[in-house]
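The following exercises concern side-chain pairing and surface exposure. Each task is followed by a solution in steps.

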Amino acid sequence: MPNYSSYPVRTNYPAGSATSAVNTEREYAELIKTYKPETAEVLNDLLNADSPTALKTSVSVENRSPCNMVLTISGNGFFKKIPIASGKVGYTMVPKNQNYRLSGMLCNSSYQSTKFISTSYAIKISN
């Protein structure tokens with residue numbers, strides 16, 4: 001069962017400028033052209049209830065804000081940017097049992113979190 005946490009996410013980071021939102025939208029538009037979601041792998045992970053023999057697990061993020069976002073997930077030897085449209089869910093597979101930094105701009109607010117991921121992980125983000 002996915003771990004739904006951090007709902008709603010409200011950070012006390014300083015608000016960005018309109019330029020930050022424009023840059024995020026520009027980056028989102030570029031990434032969405034070539035982004036290939038790992039739908040089959042994520043569904044297999046969720047349906048197989050975090051198989052202990054699997055080396056990877058899923059991370060899913062629901063964007064409940066009115067803005068598109070680009071989520072960056074980085075960890076030991078892992079780096080990925082995921083474009084997530086307003087009201088949609090973005091997801092990827094990551095190696096298990098590692099610390100990951102999740103970050104991105106949500107409208108004009110910065111989202112940052114560090115999480116040790118050992119099983120499927122799901123969050124809902126709103127501004």
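**Exercise 1.** Which side chains meet in a salt bridge at 2.7 Å, N to O?

*Solution.* The model is predicted: local features need pLDDT of at least 70, side-chain atom pairs count only at pLDDT 80 or more, and totals for chains, interfaces and linings use all residues. Residues are numbered from 1 along each chain as its sequence is written, and side-chain values use heavy atoms, with hydrogens and water left out.

Step 1. Apply the criterion: a salt bridge is a side-chain nitrogen of Lys or Arg within 4 Å of a carboxyl oxygen of Asp or Glu.

Step 2. Glu-27 and Lys-81 satisfy it, at 2.7 Å from N to O. This pair links distant parts of the chain, since Glu-27 belongs to helix H1 (residues 18–34) and Lys-81 to strand E4 (residues 78–84), 54 residues apart. Helices (H or I, at least four residues) and strands (E, at least two) are DSSP runs, numbered from the N terminus.

Step 3. Classify the partners: buried means under 20% relative accessible area, exposed over 50%, and partly exposed in between (1.4 Å probe, protein chains only). Glu-27, with 29%, is partly exposed; Lys-81, with 30%, is also partly exposed.

**Exercise 2.** Determine which parts of the chain the salt bridge between Glu-38 and Lys-80 ties together.

*Solution.* Step 1. The side chains of Glu-38 and Lys-80 meet at 2.8 Å, N to O.

Step 2. Glu-38 lies in the loop between H1 and H2, and Lys-80 in strand E4, so the pair ties together parts that are 42 residues apart in sequence.

Step 3. Glu-38 is buried, because its relative accessible area is 15%. Lys-80 is partly exposed, because its value is 21%.

**Exercise 3.** Identify the salt-bridge partner of Arg-64 and state the total count.

*Solution.* Step 1. The partner is Glu-62, and the closest N and O atoms are 3.0 Å apart.

Step 2. Arg-64 is partly exposed, at 37% relative accessibility.

Step 3. By the criterion of Exercise 1, the count comes to 4 salt bridges.

**Exercise 4.** Which residues form a nonpolar patch on the surface?

*Solution.* Step 1. Patches are made of residues with over 30% relative accessible area and no salt bridge; like charges are joined within 9 Å, and nonpolar side chains (Val, Leu, Ile, Met, Phe, Trp, Tyr) within 5 Å.

Step 2. Leu-43, Leu-46 and Leu-47 form the patch, with about 300 Å² of accessible area together. Accessible areas come from the Shrake-Rupley method with a 1.4 Å probe; for residues, only the protein chains shown count as cover.

Step 3. Leu-43 lies in helix H2 (residues 39–47) and is partly exposed, at 46%.
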